[in-house]
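User: Could you take a close look at one proline for me, and then work outwards to the rest of the fold? I'd like one connected walk-through, please.

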Amino acid sequence: MKLVSYALEGVVRVGRLNTAGTAVQAFPGEAGSDMLHLIRRFAQIDNPDEDHGDWVALDRVQLLAPIPRPARNILCVGKNYHQHAVEFQASGFDASASENTPEFPVIFTKAPSSVIGPEMAIPAYLDYSESTDYEGELAVVIGRGGRNIAKADALTHVFGYTIVNDVTSRTLQQTHRQWFLGKSLDGYCPMGPAIVTADEIPAPEQLQLKTWVNGELRQHAGVADLIFDIPTLIETISRTMSLESGDIIATGTCAGVGIGFTPPRFLRHGDRVEIEIQPIGRLVNPVLALRE
């Protein structure tokens, strides 16, 4: 099932997309009012596929981030594709380690206030250093929370999957050593367009990630190329903190980010970033680098 958050005539609802992806149907009652509420109560819905009434054409609504305001920081993983780890180290921007391939997962977070939805502008004008970069990523949405989750059981705790653009100010990332400030500018976490429930993606390692900037393919890798796979990430994180329903884990980006080019190819005003992971869809965001 493809789930979306959307606004229709000023009212935010949660619904499911039809098979063609052309219309949306809201869940009734509280389940349709908030994605976090739906995730926490989804297992209690007897027939989530039941027809609940009118379908609304998708072009009549504004798609929002599937979880417009996460309850907690987005958990992120740095340098989790082999080739990206190499290009990032070669760029000289990583002051946190000397090795190309991390021995253990590199975990950082992004503030909930960084989340924006599809087609919303990435506010690169907030980055005074003009070093804003893109990072297309598969994101995991936790369903059943827990602590000390075993790797073998990890995927049973996954509610679904979405797409995240881990937009980053590279200069701030380097200047402050810890990555949080460079990753958490307002609007620096586009998310969407939907959450696809885990039953429709039984083998996430088979997914393919692609990122285009202005129509130019910059990133293309299989999720199978992750250094630390999804079960390992869930096991690692839950050893130190309890995961909760609705938590988001961005699993890392692959080679082809702007900092990997010589000279770097940072985002500029008017650029358009498109990230695709099927069957989730395509997350598209323009770049706004000049204040209006």
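Analyst: **Starting from one proline**

Pro193 sits in strand E13, which covers residues 189-197. Keep in mind that this is a predicted model. What kind of peptide bond joins Gly192 and Pro193? It's a cis bond, with omega at about 5°. There is another one to look at: Thr262 and Pro263 are also joined by a cis peptide bond, with omega at about -5°. Pro263, though, is found in the loop between E16 and strand E17 (272-277).

Back to Pro193, and who it touches. Val4 is in contact with Pro193 and Ala194. Val4 belongs to strand E1, residues 2-8, and its relative accessible area is 0%, so it counts as buried. Other contacts of Val4, beyond its neighbours within four places in sequence, include Arg13, Val14, Gly15, Leu17, Val24, Met35 and Leu63. Take Gly15 from that list: Val4 and Gly15 are 11 residues apart in sequence, yet their C-alpha atoms are 5.5 Å apart in space.

Follow the chain on from strand E1 and you reach Glu9, in the loop between E1 and strand E2 (11-17). Glu9 isn't a glycine, but its phi is positive, at about 55°. With a relative accessibility of 73%, Glu9 is exposed. Glu130 tells a similar story: its phi is near 55°, again a positive value in a residue other than glycine. Glu130 lies in the loop between strand E8 (115-116) and strand E9 (132-133), and a relative accessible area of 58% makes it exposed.

**Moving to helix H5**

Now for the helix worth pausing on. Why is helix H5 (residues 230-238) described as largely enclosed by the rest of the structure? Because eight of its nine residues are buried. Those are Ile230, Pro231, Thr232, Leu233, Ile234, Glu235, Ile237 and Ser238. What do they pack against? The buried residues of H5 pack against strands E6 (74-78), E7 (106-110), E10 (136-142), E11 (158-165) and E16 (248-250).

Glu235 also takes part in a charged pair: its side chain meets that of Arg239 in a salt bridge, at 3.8 Å from N to O. The two partners differ in exposure, since Glu235 counts as buried at 19% relative accessibility, under the 20% cut-off, while Arg239 is exposed at 53%.

**Charged pairs elsewhere**

The structure holds 13 salt bridges. In one of them, Arg72 pairs with Asp247, and their closest N and O atoms are 2.6 Å apart. That pair links distant parts of the chain: Arg72 is in the loop between strand E5 (62-63) and E6, Asp247 is in the loop between H5 and E16, and they are 175 residues apart. Arg72 is partly exposed, at 26% relative accessibility, whereas Asp247 is buried, at 5%.

Asp166 and Lys110 make another salt bridge, with an N to O distance of 2.6 Å. Lys110 is in strand E7 and Asp166 in the loop between E11 and strand E12 (168-169), so this pair ties together parts that are 56 residues apart in sequence. Are these two buried or exposed? Asp166 is buried, with a relative accessible area of 0%, and Lys110 is buried with 0% too.

One more charged group deserves a mention, alongside the salt bridge of Glu235 and Arg239. Lys110, Asp133, Glu135, Asp166, Arg170 and Lys183 are joined into one network by salt bridges that share partners.

**Stepping back**

Zooming out, the protein chain has five helices and 18 strands. How does its radius of gyration agree with that of a compact globule? With 292 residues, such a globule would come in near 19 Å, and the protein chain has 18 Å, which agrees. Along the principal axes, the C-alpha atoms fill a box of roughly 55 × 50 × 30 Å.

Buried residues make up 56% of the 292. Of the contacts with a separation of 6 or more, 76% come from residues 24 or more positions apart. The accessible surface is about 12,500 Å², and carbon and sulfur atoms account for 49% of that. As for charge, the chain carries 24 positive and 35 negative side chains, with the centres of the two sets 4 Å apart.

Notes. Residues numbered from 1 in each chain as written. Predicted model: local features only at pLDDT ≥ 70, side-chain atom pairs only at ≥ 80, totals over all residues. Heavy atoms only, no water. Buried < 20%, exposed > 50% of the residue type's maximum accessible area, 1.4 Å probe, protein only. Helix = DSSP H or I, 4+ residues; strand = E, 2+ residues; numbered from the N terminus. Contact = heavy atoms within 4.5 Å. Rg over C-alpha atoms; globule rule 2.2 N^0.38 Å. Areas by Shrake-Rupley, 256 points an atom, 1.4 Å probe, with all protein chains shown as cover. Lys, Arg positive; Asp, Glu negative; His and termini not counted. Charge placed at Lys NZ, Arg CZ, Asp CG, Glu CD. Salt bridge = Lys/Arg side-chain N within 4 Å of Asp/Glu carboxyl O.
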